Amino acid sequence: MSSNPITVTGHQFLARSHYGFRLPIRDTPDPNAPPIKVVGLQKYFGELHVLKGIDLTVERGEVVCVIGPSGSGKSTLLRSINLLEQPTKGKIYVEGIDLTNPDVNLDLVRTRVGMVFQQFNLFPHFSVLRNVAIAQEKVLHRQRSAAEQVARQMLERVGLSDKLSVHPSQLSGGQQQRVAIARSLAMNPDMMLFDEPTSALDPELVGEVLAVMRDLATDGMTMMVVTHEMGFAREVGTRLIFMDEGLVLEEGIPRDVLANPQHPRTQSFLSKVL
Ligand SMILES: Nc1ncnc2c1ncn2[C@@H]1O[C@H](COP(=O)(O)OP(=O)(O)OP(=O)(O)O)[C@@H](O)[C@H]1O
Ligand SMILES: [Mg+2]
């Protein structure tokens with residue numbers, strides 16, 4: 001028996017010596033680990049207890065849709081998985097990498113986990129092509145020509161090959177969001193998190209963004225999607241999660257949860273949005 005306490009949780013192995021130095025063993029992705037594993041996640045903002053113990057595993061190729069009332073913690077959950085928020089308590093593993101390990105490689109995790117927000121956050125003074133290329137150059141250190149080649153491929157994938165040289169202000173909201181998706185895909189992520197990607201769009205532009213997301217799902221991308229689009233959740237989601245007040249209250253096959261919610265809070269929420 002070693003005198004060092006060794007904790008083994010999932011694929012994370014961390015040994016602490018009596019002298020206090022850490023021996024992190026897993027800091028590279030484990031292809032056999034689930035893309036996302038959340039264990040007992042809690043988050044406080046000051047006194048505000050926003051996530052109260054979330055347990056969630058997302059398997060490869062799953063499309064997990066997350067619904068719930070405003071303030072229930074949906075964005076905080078997604079932001080935690082992309083390390084935009086630090087968990088107060090609990091663990092998050094991305095492909096076996098423990099995100100709460102202080103030595104975690106932020107850039108590595110953020111390139112594996114793409115994130116698309118309600119706001120597109122494109123650079124207004126750059127062309128569409130440069131918008132998709134620039135992060136690759138800065139974070140992945142790709143040469144400009146290689147980055148732009150990938151950018152062209154990704155912009156073709158989202159149906160924007162004819163907009164490479166225009167600026168974001170010359171695009172519709174739906175087109176801008178597709179640029180943001182292309183930008184994220186260009187980093188070659190293993191999974192994508194979407195936080196209400198269509199909520200800022202005019203209704204007639206929602207469909208073109210959902211179509212791109214549907215294609216991604218069909219191609220096998222692992223996805224977590226916070227959305228109010230119940231049709232998308234029903235048809236594309238492999239699982240639907242209902243969150244309320246920092247907890248997952250119900251989850252299941254989207255069709256079942258939507259047609260036959262079990263928890264009174266889910267029933268009440270769905271009766272207002274469906
Ligand atoms: N940086 C922050 N500082 C303080 N409080 C925050 C912060 N971010 C979020 N909160 C609070 O945490 C709670 C959960 O917020 P969150 O954005 O996760 O909810 P949500 O479910 O995504 O809501 P919505 O549907 O409105 O987007 C809210 O009460 C919010 O005000
Ligand atoms: Mg939110």
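1. Start with the open sheet of 4 strands in this predicted model. Reading across, the order is β5-β4-β7-β8, and the pairing is antiparallel. The strands at the edges are β5 and β8 (97-98). Each of those has a single partner strand, so one side of each is left without a neighbour in the sheet.

2. Now zoom in on the β8 end. Strand β7 covers residues 89-94, and β7 and β8 pair in the antiparallel sense over 2 bridges. If you want a pair to look for on screen, try Y93, whose bridge partner in β8 is D98.

3. There's also an open sheet of 6 strands, and here the pairing is mixed. Its order is β9-β10-β11-β6-β12-β13. Which strands stand at the edges? They are β9 (113-116) and β13 (247-252); each has a single partner strand, so one side of each has no neighbour in the sheet. Going from one strand to the next, the twist averages 20°.

4. Follow that sheet to β13. Strand β12 (residues 239-244) pairs with β13 in the antiparallel sense, over 5 bridges. One residue to click on is D244, which has L247 of β13 as its bridge partner.

5. Don't miss the helix on this sheet. Helix α9, residues 264-273, lies across three strands you've met by name: β6 (63-67), β12 and β13. Relative to β12, α9 runs at about 100°.

6. Next, ligand 1. Who sits around it? The residues are F45, L48, V50, P69, S70, G71, S72, G73, K74, S75, T76 and E196. Sorted by class, that shell has 4 nonpolar, 6 polar and 2 charged residues.

7. How do oxygen atoms of ligand 1 meet the protein? A polar side-chain atom of T76 lies 2.5 Å from one of the ligand's oxygen atoms. The backbone joins in too: a polar backbone atom of G71 is 2.8 Å from an oxygen atom of ligand 1, and for a polar backbone atom of G73 the distance to a ligand oxygen is 3.0 Å. On its own, ligand 1 has 630 Å² of accessible area, and the protein covers 57% of that.

8. Which elements give two or more residues to the shell around ligand 1? They are β5 (48-58) and α1 (74-81). Helix α1 gives the most, with 3 residues. That brings us back to point 1, as β5 is also an edge strand of the sheet described there.

How values were computed:
Residues are numbered from 1 along each chain as its sequence is written. Chains are lettered from A and ligands numbered from 1 in the order in which they are written. This is a predicted model: local features need pLDDT of at least 70, side-chain atom pairs count only at pLDDT 80 or more; totals for chains, interfaces and linings use all residues. Side-chain values use heavy atoms; hydrogens and water are left out. A residue is near a molecule or strand if one of its heavy atoms lies within 4 Å of it. A polar contact is a pair of N or O atoms within 3.5 Å; within protein, one must be able to donate a hydrogen and the other to accept it, and residues adjacent in sequence count only if both atoms are side-chain atoms. Accessible areas come from the Shrake-Rupley method with a 1.4 Å probe; for residues, only the protein chains shown count as cover. Ala, Val, Leu, Ile, Met, Phe, Trp, Tyr, Cys and Pro count as nonpolar, Asp, Glu, Lys and Arg as charged, and the others, Gly among them, as polar. Two strands pair if DSSP finds at least two bridges between them. Axes are lines fitted to C-alpha atoms, for helices over the stretch in contact, and angles run from 0 to 180 degrees between N-to-C directions. Contact means heavy atoms within 4.5 Å.
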